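Dear colleague,

Please find below the structure that I am handing over to you, followed by an account of what was found in it.

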Amino acid sequence: MGLEERFICPRCGNEDPKYIGMRNGRPYCRKCISFIGTKAARLPSNPKTVELNLHYSLSSEQKTLSKKIIANYLAGVDTLVYAVCGAGKTELSYGVISEALRLGHQVGFALPRRDVVIELYWRIKEAFPQNKVVAVYGEHTYALEGDIIILTTHQLYRYPSYFDLLVMDEIDAFPFKGNEVLISMYRASLRGHCVMMSATPSSEILREFHSPQHDVVELRTRFHKHPIPVPFVILKPKTLQIPFLLSKLRQYRLLNKPCFIFAPTIASCEELYSLISLFAKGGNYVHSKRNGRENIIADFKKGEYRYLVTTSVLERGVTIKALQVIVTSADDQKIYTSSTLIQIAGRAGRKMDAPDGEVIFLAEKPTEAIQNAIKEIEFCNTFL
Amino acid sequence: MPSKKLNSATPFCKVCFKAFSAPGWRSLFGEDVPLCEECFRKMSPKMRFFKVDQFEGRSLYLYEEEIRTLLYQFKGCADIELAPIFLAYQAPILRWAYRGYTLVPAPSFAAKNEARGFNHVELMFASLHLPFLHAIEKLDDVKQADLHWRDRQKIGEHLHYVDGISVQGKKILFVDDLLTTGATAKACCSLLKAHGAKRVKILVMGYTPKKRAQEEDREKPV
């Protein structure tokens with residue numbers, strides 16, 4: 001008993017006796033036990049040649065912020081990039097990534113969701129054609145070493161004290177948010193300095209970054225200088241939401257625009273799809289348990305489906321041209337917090353040539369989260 | 001310090017780590033239940049009875065997502081604390097149903113057990129309080145899960161009866177974690193029967209429905 005009480009997990013820092021088990025007379029941590037696997041080998045830190053391949057130029061605002069992030073990194077200051085959805089956060093980090101590569105530093109890019117990792121992998125690979133980019137996520141861990149490692153936060157345990165520059169995006173997303181094990185693994189993997197990015201940082205993160213050796217840079221407008229679409233709230237009883245939804249889908253079909261329909265849970269997602277697929281053909285559904293969802297999302301991007309019923313797996317990091325967004329049961333307070341709703345609304349109008357989009361919240365009653373989300377979006381739009 | 005002792009004795013679930021609201025009836029008999037009811041239901045418990053050749057068998061769970069991850073955590077990650085959860089709710093019934101039986105665990109490759117630090121099958125069924133007999137051993141490292149149906153049936157070549165252990169006239173219960181095609185169970189039970197066991201029955205944790213086993217089989221290279 002005495003041993004158990006004193007044991008502190010060397011990897012995740014857990015000291016709660018509830019999570020400590022005994023194996024052959026020795027204590028072990030049960031909290032981080034599922035994180036076992038091969039560790040990455042360290043590569044020699046040679047300076048690399050970097051050629052940044054972008055099809056577009058950054059806006060003047062993006063350029064100044066990018067320079068500021070580089071200066072912060074070189075001065076050994078952690079940076080939080082607080083920017084609205086669709087501001088071009090990923091592009092902001094390209095400058096500091098290429099600077100670190102030139103210095104021969106090890107660069108990592110961590111995100112909580114695997115779908116976003118896959119999408120980001122292709123974007124970064126295109127932007128850095130001369131460097132070796134690897135993607136590491138669950139069931140895809142064949143290559144662990146590269147110049148730029150793009151990984152899910154669940155894979156950070158493979159890189160203890162490894163990254164000189166670690167860029168973290170969507171830090172306020174499930175499952176990273178509030179997960180002590182993942183947060184301590186992130187701290188353990190960092191050797192140098194980090195750049196955190198978020199559109200909806202929590203008050204704790206903001207407090208942490210308003211301290212010495214930390215800096216916050218803010219970007220309140222989208223790169224194309226168009227306002228973020230402000231959501232419409234439509235209040236209807238549940239039974240009348242479906243006919244409204246169908247009429248909207250019909251409208252979007254005539255305009256030839258793709259549409260996301262968000263449902264709060266996996267069960268309600270399947271239920272909703274089985275109902276509306278009777279009336280509106282050419283759709284599909286995805287959720288975290290759906291097999292082959294990468295293919296479905298890729299097909300959706302190609303335009304093979306008119307609409308996609310989804311849970312909040314697609315709330316972040318997805319960019320599709322001329323996307324329209326409908327949120328059903330937006331008054332479900334457990335799932336749809338204001339930051340989730342802001343992220344969902346941020347899916348619309350992200351492209352330069354289609355900066356507009358419709359965002360509709362279907363609800364039975366207006367909740368505080370809905371009102372706060374709309375207020376926040378309107379506030380950001382005043383900066384234009 | 002009585003208060004601290006009381007606190008540390010508060011039972012909690014080994015899977016979801018939540019505290020129990022009310023202790024079950026078995027605590028009256030001094031038995032701890034290490035699993036909350038909610039987690040138990042998630043594991044899709046469903047007792048099934050089946051026959052492999054002439055041997056009667058019983059399985060406790062449908063082999064689905066939840067039990068798959070738990071078994072992986074137990075076997076693959078060596079989370080030994082999970083051992084008592086698998087029989088947490090069925091143990092009293094099984095103890096009655098198999099009274100007077102001797103357990104023979106499914107053979108596993110010795111080097112693998114050493115690397116893990118324990119024999120997983122033995123620990124899982126320890127709460128039945130029945131004597132164990134390691135009557136069969138596996139001499140090669142063959143993993144049934146990777147093999148095609150046809151190759152699975154050849155498992156008998158790798159199994160050997162351990163000399164010097166007698167099952168003569170005994171009632172034997174063969175235990176294993178999973179049963180998919182039943183090839184291992186069939187080979188082991190025939191071996192036991194041939195060495196004079198009076199009666200041989202099978203008890204497994206997870207059972208893969210036949211239809212799905214066939215589907216998964218199709219995806220494997222022949």
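I begin with a residue of chain B. Arg116(B) counts as partly exposed, since 17 other C-beta atoms lie within 10 Å, and its place is in helix H5 (residues 110-116) of chain B. Between the C-alpha atoms of Arg116(B) and Pro105(B), which are 11 residues apart along the chain, the separation is 16 Å. Please note that this is a predicted model.

A second residue of chain B, Leu60(B), belongs to strand S2 (residues 55-62). Leu60(B) is buried, because 21 other C-beta atoms lie within 10 Å and the cut-off for burial is 20 or more. Its contacts, leaving aside residues up to four places away in sequence, are Pro45(B), Met47(B), Gln90(B) and Met205(B). Leu60(B) and Leu203(B) are 143 residues apart along the chain, and their C-alpha atoms are separated by 8.1 Å.

As to how the two chains meet, 9 residues of chain B are in contact with 9 residues of chain A. On the side of chain B that touches chain A, 5 of the residues are nonpolar, 2 are polar and 2 are charged.

Chain A is assigned three stretches: domain 1 (1-33), domain 2 (60-219) and domain 3 (232-381). The C-alpha centres of domain 1 and domain 2 of chain A are 31 Å apart.

Next, the nonpolar cores. In general, nonpolar side chains of soluble globular proteins tend to be buried together. The largest nonpolar core here has 113 residues, and those touching the most other members are Ile150(A), Ile261(A), Val327(A) and Ala345(A). Ala345(A) is in contact with Ile228(A), Pro229(A), Pro231(A), Val325(A), Val359(A), Ala373(A) and Ile377(A), residues up to four places away in sequence not being counted. Another core, of 52 residues, lies apart from it and includes Ala88(B), Tyr101(B), Ile136(B) and Leu179(B).

Two helices of chain A were examined for their buried and exposed sides. The first is helix H2 (residues 60-74), whose 15 residues should span 21 Å at 1.5 Å a residue; the end C-alpha atoms are 21 Å apart, so the two values agree. Which residues of H2(A) are buried? They are Gln62(A), Leu65(A), Ser66(A), Ile69(A) and Tyr73(A). These buried residues lie on the same side of H2(A), because the arc that they cover around the axis is only 105 degrees. An α-helix has 3.6 residues a turn, so residues three or four places apart point the same way. Ser60(A), Thr64(A) and Lys67(A) are exposed on the other side of H2(A). The cover over the buried residues of H2(A) includes strand S3 (78-83), helix H3 (89-102), strand S7 (163-169), strand S8 (190-198) and strand S9 (214-219) of chain A. Gly76(A), which follows H2(A), has a positive phi near 75 degrees.

The second is helix H8 (residues 266-276) of chain A, in which Cys269(A), Leu272(A), Tyr273(A) and Ile276(A) are buried. The arc covered by these residues around the axis is only 100 degrees, which puts them on the same side of H8(A). Ala267(A) and Ser274(A) are exposed residues on the face turned away from that buried side. Packed against the buried residues of H8(A) are helix H7 (238-255), strand S11 (259-262), strand S12 (283-286) and strand S13 (307-310) of chain A.

Helix H3 of chain A also holds Ile97(A). This residue counts as buried, because it has 28 C-beta neighbours inside 10 Å. Ile97(A) touches Val107(A), Ile148(A), Leu165(A) and Val167(A), again without residues up to four places away in sequence. The C-alpha atoms of Ile97(A) and Leu166(A) are separated by 9.1 Å, and the two residues are 69 places apart along the chain.

Lastly, two residues of chain A call for a remark on their backbone angles. Ser161(A) is not a glycine, yet its phi is positive, at about 45 degrees. Ser161(A) sits in the loop between strand S6 (148-152) and S7 of chain A, and it counts as exposed because it has 11 C-beta neighbours inside 10 Å. Gln213(A), likewise a residue other than glycine, has a positive phi near 65 degrees. The loop between helix H6 (203-209) and S9 of chain A contains Gln213(A), which is exposed, with 11 other C-beta atoms within 10 Å.

Yours sincerely

Key: Residues numbered from 1 in each chain as written. Chains lettered and ligands numbered in written order. Predicted model: local features only at pLDDT ≥ 70, side-chain atom pairs only at ≥ 80, totals over all residues. Core = buried A, V, L, I, M, F, W, Y, C linked by C-beta atoms within 7 Å. Buried ≥ 20, exposed ≤ 12 C-beta atoms within 10 Å, placed from the backbone. Contact = placed C-beta atoms within 7 Å. Helix = DSSP H or I, 4+ residues; strand = E, 2+ residues; numbered from the N terminus. Expected span 1.5 Å × (residues − 1). Arc of directions from axis to C-beta. Nonpolar A, V, L, I, M, F, W, Y, C, P; charged D, E, K, R; others polar. Domains from an automatic or database assignment.
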